[in-house]
Amino acid sequence: MALTTEARSRIAAQIDALKKRLPLDSNDLDYETHLKTIRQLQSILDRDAVRGKAEGKMKQETKGAIEGLISRYPALEICRDSIAAGAEAIIAAYRNGDKVITCGNGGSAADAEHIVGELMKGFLKKRPVPPDFAGKLASVAPAHAEYLAKNLQQPLAAVSLVAGVSLPTAFANDQAGDLVFAQQVYGIGRKGDVLLAISTSGGSANVIYAVELAKAMDITTIALTGRSGGRLKDIADITIAVPQEETYRIQELHLPVYHALCIAAEAEFFPQ
């Protein structure tokens with residue numbers, strides 16, 4: 001959820017105080033520390049501004065996706081704010097024409113693929129192609145236009161980093177196996193995208209490297225983890241730490257969470 005006005009004021013005051021310290025500490029090691037802290041605090045304000053705009057514009061149906069999730073899984077009440085923040089970040093990305101990137105290992109790799117499947121085609125809604133695009137199809141492919149327009153569905157752009165074989169195996173063989181996700185983020189990620197990184201422990205090295213790379217590229221990062229959050233909770237912009245500790249129990253709660261994120265995004269952009 002967006003920060004309160006009071007919280008934003010406190011952060012702004014911290015930034016101002018640190019900026020006043022910079023000239024005094026210009027020849028001290030504290031200078032770099034202050035500068036780094038200022039950047040981190042400003043980043044919090046910038047991300048919150050985006051979330052606040054998204055939250056204010058979110059449809060009631062979109063908000064209902066999260067309320068419905070909590071009503072079916074009361075244990076997730078503790079994650080309400082982080083789930084809402086995740087939905088807002090994803091919606092903000094789509095509103096700006098950006099995309100969602102997913103990654104994970106093992107069962108979480110399957111979840112990463114599952115998420116893309118729900119976003120790239122109709123999930124709860126049919127998402128028919130717009131009439132103007134159907135008209136373009138008729139002009140370039142008259143023999144197939146009706147079939148294409150009838151069966152295609154509008155996507156919410158999403159890419160899974162676990163789907164390929166040649167690139168990950170080549171990079172693992174030639175460079176570093178634990179950087180296969182990071183390399184792909186570096187190749188296809190763009191400022192404004194969202195990286196949804198899944199790790200039940202929050203400590204998967206290849207997922208952590210991908211999140212760090214994404215942050216360097218100004219890509220919003222959402223970590224989906226277990227109760228502890230692991231290392232990911234310290235580096236991701238948003239951490240959804242479901243209240244379980246055993247891997248299979250964590251995964252049992254991950255599915256309804258990411259379903260709710262997909263439902264929220266779909267509800268925001270497709271009225272039918």
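**Fold, cores and local contacts of the predicted model**

Among contacts between residues at least 6 apart in sequence, 72% join residues at least 24 apart in the protein chain. The structure is a predicted model, and the protein chain contains 12 helices and 5 strands. The radius of gyration of the protein chain is 21 Å, which agrees with the value near 19 Å expected for a compact globule of 272 residues. Along the principal axes, the C-alpha trace spans about 75 × 50 × 40 Å. Of the 272 residues, 44% count as buried. The chain exposes about 14,000 Å², of which carbon and sulfur atoms supply 55%.

The largest nonpolar core comprises 39 residues, and Leu 119 and Ile 240 touch the most other members. At least two residues of this core come from each of helix H3 (60-72), helix H4 (80-95), helix H5 (107-119), strand E3 (194-198), strand E4 (220-225), strand E5 (238-241) and helix H12 (247-269). The greatest contribution to this core is that of H12, with 9 residues. A second, separate core has 20 residues, among them Val 185, Ala 197, Ile 235 and Ala 236.

When neighbours within four places in sequence are left aside, Leu 119 is in contact with Tyr 94, Val 100, Arg 127, Pro 155, Leu 156, Ala 158, Cys 262 and Ala 265. One of these partners, Tyr 94, also takes part in an aromatic pair with Phe 269. The count of aromatic pairs comes to 1. The arrangement of Tyr 94 and Phe 269 is edge-to-face, with 6.3 Å from centre to centre and 85° between the planes. The pair links distant parts of the chain, since Tyr 94 lies in helix H4 and Phe 269 in helix H12, 175 residues apart. Tyr 94 has a relative accessibility of 10% and therefore counts as buried, whereas Phe 269, at 28%, counts as partly exposed.

Tyr 94 is also among the contacts of Ala 157, a residue in the loop between helix H7 (145-151) and strand E2 (158-160). Outside its neighbours within four places in sequence, Ala 157 is in contact with Tyr 94, Asp 98, Lys 99, Val 100 and Met 120. Ala 157 counts as partly exposed because its relative accessibility is 36%. A distance of 21 Å separates the C-alpha atoms of Ala 157 and Val 180, which are 23 residues apart along the chain.

Strands E3 and E4 pair in the parallel sense over 5 bridges. Within this pairing, Leu 195 stands opposite Thr 221 in E4. Of the 6 residues of E4, 5 are buried, so the strand is largely enclosed by the rest of the structure. Both E3 and E4 are among the elements that each supply at least two residues of the largest core.

Gln 184 is located in helix H9 (residues 180-188). With a relative accessible area of 14%, Gln 184 is buried, because the value is under 20%. Apart from residues up to four places away in sequence, Gln 184 touches Leu 161, Leu 167, Pro 168 and Gly 189.

Technical notes. Residues numbered from 1 in each chain as written. Predicted model: local features only at pLDDT ≥ 70, side-chain atom pairs only at ≥ 80, totals over all residues. Heavy atoms only, no water. Core = buried A, V, L, I, M, F, W, Y, C linked by side-chain atoms within 4.5 Å. Buried < 20%, exposed > 50% of the residue type's maximum accessible area, 1.4 Å probe, protein only. Helix = DSSP H or I, 4+ residues; strand = E, 2+ residues; numbered from the N terminus. Contact = heavy atoms within 4.5 Å. Phe/Tyr/Trp six-rings, centres within 6.5 Å; stacked < 30°, edge-to-face > 60°. Rg over C-alpha atoms; globule rule 2.2 N^0.38 Å. Areas by Shrake-Rupley, 256 points an atom, 1.4 Å probe, with all protein chains shown as cover. Pairing = 2+ DSSP bridges.
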